[in-house]
Amino acid sequence: MAAEPTDATPDEPTPEPTAEPERPLLALRDGLPRIVDTEQGLLEVCERIAAGTGPVAIDAERASGYRYSSRAYLIQLRREGSGTFLVDPIPFVILPQLQEALEGTEWILHAATQDLPCLAEVGLLPSRLFDTELAGRLLGYPRVGLATLVETLLGSRLAKEHSAVDWSTRPLPEPWLEYAALDVEVLVELRERLGAELEAAGKAEWARQEFDALRSFEQAERVDAWRRTSGLHRVRGRRALGAVRALWETRDEIAEQRDVTPGRILPDSAIVAAAQALPADRAALLATKGFHGRGAERYATRWVAALREAATMDEADLPTRSPRGDGPPLPRAWAEKDPVAARRLTLAREAMAALAEEHHLPVENLLTPDYLRRTLWTPPRSRDEATLAPAVADQLRALGAREWQVELTGPILVDAILTAEQEPPIPG
């Protein structure tokens with residue numbers, strides 16, 4: 001077949017595809033506000049916020065990676081009719097005047113669980129809130145970082161080059177303050193767009209329940225936090241695990257006293273190296289390959305004491321490889337420990353994945369995976385569907401599932417519980 005004629009001659013280059021124009025960089029509408037760090041300045045902020053209208057955009061900056069504490073070192077607020085404010089919370093113990101000014105307002109936060117604990121430390125607790133990150137997840141957006149949502153929904157770029165700086169620095173440089181102020185500049189408009197999309201998708205009530213649950217959020221205390229030591233999987237034997245625990249706890253105590261992030265005193269890799277070698281004295285410890293860090297030599301006496309404690313500890317007191325917990329075993333062990341429970345989990349996971357895809361949201365937002373596992377490992381005893389269904393619903397509520405989650409996932413769990421006992425064991 002003859003080739004179709006074209007308008008271009010052989011000597012003409014193929015045109016390059018037109019590049020999408022770069023989104024404009026967001027700029028402050030009202031200029032950079034001054035930092036508020038006096039009682040009089042705070043009272044003026046409270047008066048202006050109280051005089052504004054609509055929800056209040058709130059953000060907080062911590063010194064993660066630099067400080068041991070998770071306290072807020074800067075609080076940003078913006079409200080229509082009021083403006084943008086940058087409050088330095090360090091001169092104040094708590095902020096009761098600001099809490100009073102915010103009473104009854106809706107707070108707009110992005111990734112609220114990151115900021116609510118440090119805001120609560122200074123006495124700021126929301127009456128209502130809207131989490132733009134969580135709203136993005138419920139709407140099925142694949143990436144829900146603030147900069148990405150702003151670019152996707154508002155068509156502007158948000159500079160993020162100061163996201164990992166040390167916010168405990170004083171005075172705070174002006175470019176950092178501009179970055180901080182911009183984070184709340186966009187939240188009101190972003191909330192309007194996401195709120196409209198939630199309504200259109202029929203998910204507004206889901207979001208309301210999720211946001212209401214966030215109001216009582218508290219950072220869970222980590223059990224056996226030392227087990228998060230990077231490289232722990234390379235440590236062999238309970239004695240060496242005990243050394244990791246002793247070194248980790250010593251480092252944590254020093255870090256808390258100095259208000260420095262633990263990794264800046266001694267990296268995890270140094271803890272693992274020392275635990276593997278189990279040196280008996282200071283000289284041997286400092287000669288251990290991989291044992292380094294700013295506090296390696298400075299606190300050598302304390303590191304040696306921790307290692308000796310682990311070396312002389314009774315075998316019964318040494319940690320085991322797997323943590324002792326009150327929850328079900330790891331899913332990979334279910335088939336051996338309880339084949340019927342394993343079938344329940346397999347059936348439920350398949351149905352949950354399909355339901356999540358149908359509703360365009362991550363499966364972990366459909367139901368917290370821990371709630372799913374706990375319910376399927378120890379389900380209600382009844383196998384009469386009329387009795388089992390409300391029992392499963394009650395069990396999910398007791399764990400903390402929201403009502404919309406119970407309504408959607410309860411029937412899946414009931415079906416998995418009933419069906420698993422009718423099927424033959426999974427081969428292999």
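## Helix H10 and its surroundings

In this predicted model, helix H10 spans residues 268–277, and its buried residues include Ala270, Ile271, Val272, Ala273, Ala274 and Ala275. Among the elements that cover the buried residues of H10 are helix H9 (238–258), helix H11 (282–286) and helix H12 (300–312). After H10 comes Leu278, a residue whose phi is positive, near 50°.

## Salt bridges between distant parts of the chain

Across the whole structure, a search finds 19 salt bridges. One of the pairs is formed by Asp30 and Arg78, whose closest N and O atoms are 3.2 Å apart. This pair links distant parts of the chain, with Asp30 lying in the segment before strand E1 (35–36) and Arg78 in strand E3 (residues 74–80), 48 residues apart. Asp30 is exposed, having a relative accessible area of 56%, whereas Arg78, at 6% relative accessibility, counts as buried.

Asp115 forms a salt bridge with Arg62, and here the closest N and O atoms are 2.7 Å apart. This pair, too, links distant parts of the chain, since Asp115 belongs to helix H3 (residues 112–121) and Arg62 to the loop between strand E2 (53–61) and E3, 53 residues apart. Asp115 counts as buried at 3% relative accessibility, and Arg62 counts as buried at 19%.

## A further pair and a network

The side chains of Asp224 and Arg227 also meet in a salt bridge, at 3.2 Å from N to O. Asp224 is partly exposed, with a relative accessible area of 32%, while Arg227 is buried, with a value of 17%. Elsewhere, Asp394, Arg397 and Glu403 are joined into one network by salt bridges that share partners.

Terms used:
Residues are numbered from 1 along each chain as its sequence is written. This is a predicted model: local features need pLDDT of at least 70, side-chain atom pairs count only at pLDDT 80 or more; totals for chains, interfaces and linings use all residues. Side-chain values use heavy atoms; hydrogens and water are left out. Buried means under 20% relative accessible area, exposed over 50%, partly exposed in between (1.4 Å probe, protein chains only). Helices (H or I, at least four residues) and strands (E, at least two) are DSSP runs, numbered from the N terminus. Contact means heavy atoms within 4.5 Å. A salt bridge is a side-chain nitrogen of Lys or Arg within 4 Å of a carboxyl oxygen of Asp or Glu.
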